[in-house]
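Subject: Structure handover and findings

Hello,

I am passing the structure over to you. Please open it first, then read the notes underneath.

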Amino acid sequence: MSDTTSSDASSRESAHYPEDVLEAFRSITTASLADAVEQHGRRGYLTGAVHQVAPGSGTLVGPAVTVREIPADESLPPEHALQAIDEAAAGSIVCIDAGGADVAVWGGLMTAGAVARKLAGCVLDGGVRDVTEITRDFPGFAVYARTAVPATTLGRMRTVSLNEPVVVGSVDIRPGDLIVADRDGVVRVPADLVDAVRRTAEEIEEREKEQTRLILDSGSLRAGLARYHRI
């Protein structure tokens, strides 16, 4: 697993991203990041079906650890997901590609393990269960999923890969890509574009603040749009 480590020293720094970089992204909205990634010729935003189920503590930011699951009849535990939880660096975000399956690929016990490992959250192209337990007992842990559903994966799905490229919410995610999520949804920032996207997104946010001031001062939405060409 080239993008993860079990060292406790990782609690202050997630994978390859220093804390100051993570903190900068926590102050940027996913709307600005989605626009910024597109300005660099890629798609970053996940489909809106993958939405906030448990909010955690503010904007979710961290490097992706990826797991893939496929339909199967065997009643097997999700070994790759369990390995990801136990071995990923603190601050990581577990991203599970389950092809949109209407079963719970995450639950309360997995959340307990993730919290014990100081992981930041999970993003699931599938379902989650034990939502009441998660939000009550682990309020700092963020969950983004397609749905909440009580059905287990046992006898329905099996994990087939760990830290290989996956597709979550119609977006390619590679291990180590930066994941950012808030109430609007989830954005993947490709690892090779993190610095460039950060600068672009910060410029977008500054222009939007100026545009908002112009709209309020002029009393005209169209005046703000005419100058900045953004809505």
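Below are the findings, grouped by region.

Please keep in mind that this is a predicted model.

**Core packing**

The largest nonpolar core has 27 residues. Within this core, Ile 96, Trp 106, Leu 124, Phe 141 and Val 143 touch the most other members. Several elements each supply at least two residues of this core. The strands are β2 (60-71), β3 (93-97), β4 (104-106), β5 (121-128), β6 (142-148) and β7 (157-162). The helices are α3 (79-87) and α4 (108-116). Another core lies apart from the largest one and has 19 residues. Leu 33, Ala 34, Val 61 and Leu 178 are among them.

Which residues does Ile 96 contact, leaving aside neighbours within four places in sequence? The list is Val 67, Glu 69, Ala 81, Val 105, Trp 106, Val 123, Leu 124, Asp 125 and Val 168. Trp 106 and Leu 124 appear there as contacts of Ile 96, and both are also among the core members that touch the most others.

**Helix α1**

Helix α1 covers residues 19-26. Its buried residues are Val 21, Leu 22, Ala 24 and Phe 25. Where do they sit around the axis of α1? They are on the same side of the helix, because they cover an arc of only 160 degrees. The buried residues of α1 pack against α2 (30-39), β2, β10 (178-182), β11 (185-189) and α6.

**Thr 200 in α6**

Thr 200 is part of helix α6, which runs over residues 194-218. Is Thr 200 buried or exposed? The relative accessible area of Thr 200 is 11%, so the residue is buried, the cut-off being under 20%. Leaving aside neighbours within four places in sequence, Thr 200 is in contact with Ala 36, Gln 39 and His 40.

**His 80 in α3**

His 80 lies in helix α3. With a relative accessible area of 24%, His 80 is partly exposed. Not counting residues up to four places away in sequence, His 80 touches Val 67, Thr 159, Val 160, Ser 161 and Leu 162. Take the pair His 80 and Leu 162: they are 82 residues apart along the chain, yet 5.6 Å separates their C-alpha atoms. Val 67 is a contact of His 80, and Val 67 is also a contact of Ile 96.

**Positive phi**

Two residues are worth a look here. Asp 130 has a phi near 65 degrees, a positive value in a residue other than glycine. Asp 130 sits in the loop between β5 and α5 (131-137). At 33% relative accessibility, Asp 130 counts as partly exposed. Ser 170 is not a glycine either, and its phi is positive at about 70 degrees. Ser 170 is in the loop between β8 (166-168) and β9 (171-173).

**Cysteines**

How many disulfides does the structure hold? Zero. Cys 95 is in no disulfide, and the nearest cysteine sulfur is that of Cys 122. Why is there no bond from Cys 122 to Cys 95? The sulfur of Cys 122 is 8.7 Å from that of Cys 95, which is too far, because a disulfide needs the two sulfur atoms within 2.5 Å. Cys 95 is buried at 0% relative accessibility. Cys 122 is buried as well, with a relative accessible area of 0%.

Best regards

Methods: Residues numbered from 1 in each chain as written. Predicted model: local features only at pLDDT ≥ 70, side-chain atom pairs only at ≥ 80, totals over all residues. Heavy atoms only, no water. Core = buried A, V, L, I, M, F, W, Y, C linked by side-chain atoms within 4.5 Å. Buried < 20%, exposed > 50% of the residue type's maximum accessible area, 1.4 Å probe, protein only. Helix = DSSP H or I, 4+ residues; strand = E, 2+ residues; numbered from the N terminus. Contact = heavy atoms within 4.5 Å. Arc of directions from axis to C-beta.
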